[in-house]
Amino acid sequence: MNSSDSVSRGWQLLATRLVHAGRPDVVQPDGNAQGVFVNSPVSRGSTVLFPDLATMKRNGALRYEHETIYGAMGSPIQHDLERAVAEIEGGTDTQIVSSGLAACTTALLAFTSAGGHILLPDSIYGPTRRFADTMLRRFGVTTTYYRPEADIEELAGLLRSTTQVIFAESPGSHTFEVQDVSALADLAHDVGAKLLLDNTWGFGVFEPFRHGVDVSIQALTKYAAGHSDAIIGAITVADRDDWQTLRDATIQLGQLAGPDECWLTLRGLRTMSVRLAHQARSTLECALWLQTRQEVHQVLHPALPGAPGHEIWKRDFTGAGTVFGVVLKDRYTSRDMERMIDSLKLFGIGASWGGFESLVLPTSGGISRTAGDMLAAPAFRLNIGLENVTDLCADLEEAFSVLESSAHERLSGV
Ligand SMILES: Cc1ncc(COP(=O)(O)O)c(C=O)c1O
């Protein structure tokens, strides 16, 4: 298998499931056949009417079965998306929520309580970190940050008798450290804690529940929606008790997603394997090209041999994503890098990733670390879209000449 196949294999393995998962069934629950649209139609509503109180009560008792007695408990199209995501993640039940961030915060609220302690990787998505440092702290939950590359002995030393959750994000936001999720799961379970994983990068190419994860979190905003036109998240579990805990929390918090976002996401899922197989190959090609550039100190892409986390990626993942990091040589300053980024023509300057279009974002300076070192040299993150990869590399090449001129002017005092 060549390296390009290794990043796209997982998406190809998923192709059939992505086309069929969560589609309306031509056989109704009562066994009667019915004609259905290929795609779930958008269903809008708040009040649900029942023929009598007994039916209303029966449906209310079924809320753990993704039943709706009121629109705040989800709509039929949300439940179709939940079935699809549960199947792709390999879990039993999924709760769709309003954003990827809401998926992180809702899961943390569901599985912690006052007096509890959690372990978060230092590489975690910034807004999740802020939630732990502010709101969770106010509610009496204490956080310890761990180095994402820490070994199990180091992590074991951070556990407390009150540890309720170990949170993982693999690879980490911006710096792309790959974590040994199975080992983290064993560690969490040994002390009766839950392992929560932000599996957004690994959607479809990392099977969380086979690695002992209890709760898998997705920003569906990225790969699933795929067109940078929806914000939506998902939380998936594989255990009935965890599902009850989660469902109770999401109903109490009023968490759901609008029908249009669910529809856009289901639509995005149908083409995800083609988009992402293509994008993953272009991403690797671009990363390999960047490795040859003299301006670049390091390319942080887990599928590159020698990159941080590569061995675990090779062992645990069936494919790779579209976003990765680039660390420049320390001869350049942040100002040189900013000039370079401003000169790019095909890469949009913007947050997020996983969409059909290429994006760039500076990472050094904007991230906080308390358990380990910050990136010392200027660094940026690229999302590789569906553009021709030769065009993208040509754009980067021109921008590198802007980077070099900026450094030259500065160093020669021009
Ligand atoms: C790893 C990760 N998790 C969660 C989120 C939050 O997703 P959303 O933008 O849907 O809130 C992001 C967004 O960039 C992310 O990168």
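**Notes on the two sheets, the domain contact and the ligand shell**

1. Let's start with helix H8, residues 240-253, which lies across three strands: E1, E6 (215-219) and E7 (233-237). Its direction makes an angle of about 20° with E1. Do keep in mind while reading that this is a predicted model.

2. Those three strands belong to an open sheet of 7 strands, and its order is E1-E7-E6-E5-E4-E2-E3 with mixed pairing. At the edges you find E1 (93-97) and E3 (142-146), each of which pairs on one side only. Going from one strand to the next, the twist averages 20°.

3. For a look inside that sheet, take strand E4 (residues 163-169) and strand E5 (residues 194-198). They pair in the parallel sense, with 5 bridges. If you want a spot to click on, alanine 168 sits opposite leucine 197 of E5.

4. Now the ligand. Which residues are closest to the ligand? They are Ser99, Gly100, Leu101, Ala219 and Thr221, out of 14 residues that surround it. Helix H4, residues 100-110, gives the most to this shell, with 3 residues. By character, the shell divides into 5 nonpolar, 7 polar and 2 charged residues.

5. On to the overall layout. The domain assignment splits the protein chain into domain 1 (19-267) and domain 2 (292-412). Their C-alpha centres are 30 Å apart. The contact between them takes 25 residues from domain 1 and 30 residues from domain 2. On the domain 1 side, helix H5 (126-138) and strand E3 each supply at least two of the residues that touch domain 2. That side of domain 1 is made up of 10 nonpolar, 9 polar and 6 charged residues.

6. There is a second open sheet, with 5 strands in the order E8-E9-E12-E11-E10 and, again, mixed pairing. Its edge strands are E8 and E10 (348-349), and each of them pairs on one side only. Two helices are worth finding here. Helix H11 (residues 334-343) packs on the sheet and touches E9, E10, E11 (359-362) and E12, with its direction at about 165° to that of E11. Helix H9 (residues 259-291) lies across E8 and E9, and runs at about 155° to E8.

7. Is strand E9 largely enclosed or largely open? Strand E9 (residues 323-328) is largely enclosed by the rest of the structure, because 5 of its 6 residues are buried. In the sheet order, E9 stands between E8 and E12. With E8 (residues 296-300) it pairs in the antiparallel sense over 4 bridges. Here leucine 300 faces glycine 325 of E9, and valine 299 has valine 326 as its bridge partner. The pairing of E9 with E12 (residues 379-383) is antiparallel too, over 5 bridges, and valine 327 stands opposite alanine 379 of E12.

8. Follow the sheet onward from E12 and you come to E11 and then E10. E11 and E12 are antiparallel, with 4 bridges between them, and one facing pair is proline 362 and phenylalanine 380 of E12. E10 and E11, in turn, run parallel and are joined by 2 bridges. Glycine 348 has leucine 359 of E11 as its bridge partner.

9. One last residue to inspect is asparagine 383, which lies in strand E12. Why does asparagine 383 count as buried? It has 25 C-beta neighbours inside 10 Å, and the cut-off for a buried residue is 20 or more. Leaving aside neighbours within four places in sequence, asparagine 383 is in contact with Thr322, Val323, Trp353, Gly354, Ser358 and Leu359. Val323 among these contacts belongs to E9 (residues 323-328), while Leu359 is in E11 (359-362). For a sense of how the chain folds back here, asparagine 383 and valine 360 are 23 residues apart in sequence, yet their C-alpha atoms are 6.5 Å apart in space.

How values were computed: Residues numbered from 1 in each chain as written. Predicted model: local features only at pLDDT ≥ 70, side-chain atom pairs only at ≥ 80, totals over all residues. Buried ≥ 20, exposed ≤ 12 C-beta atoms within 10 Å, placed from the backbone. Pairing = 2+ DSSP bridges. Axes fitted to C-alpha atoms, helices over the stretch in contact; angles between N-to-C directions. Contact = placed C-beta atoms within 7 Å. Domains from an automatic or database assignment. Nonpolar A, V, L, I, M, F, W, Y, C, P; charged D, E, K, R; others polar. Near = placed C-beta within 6 Å.
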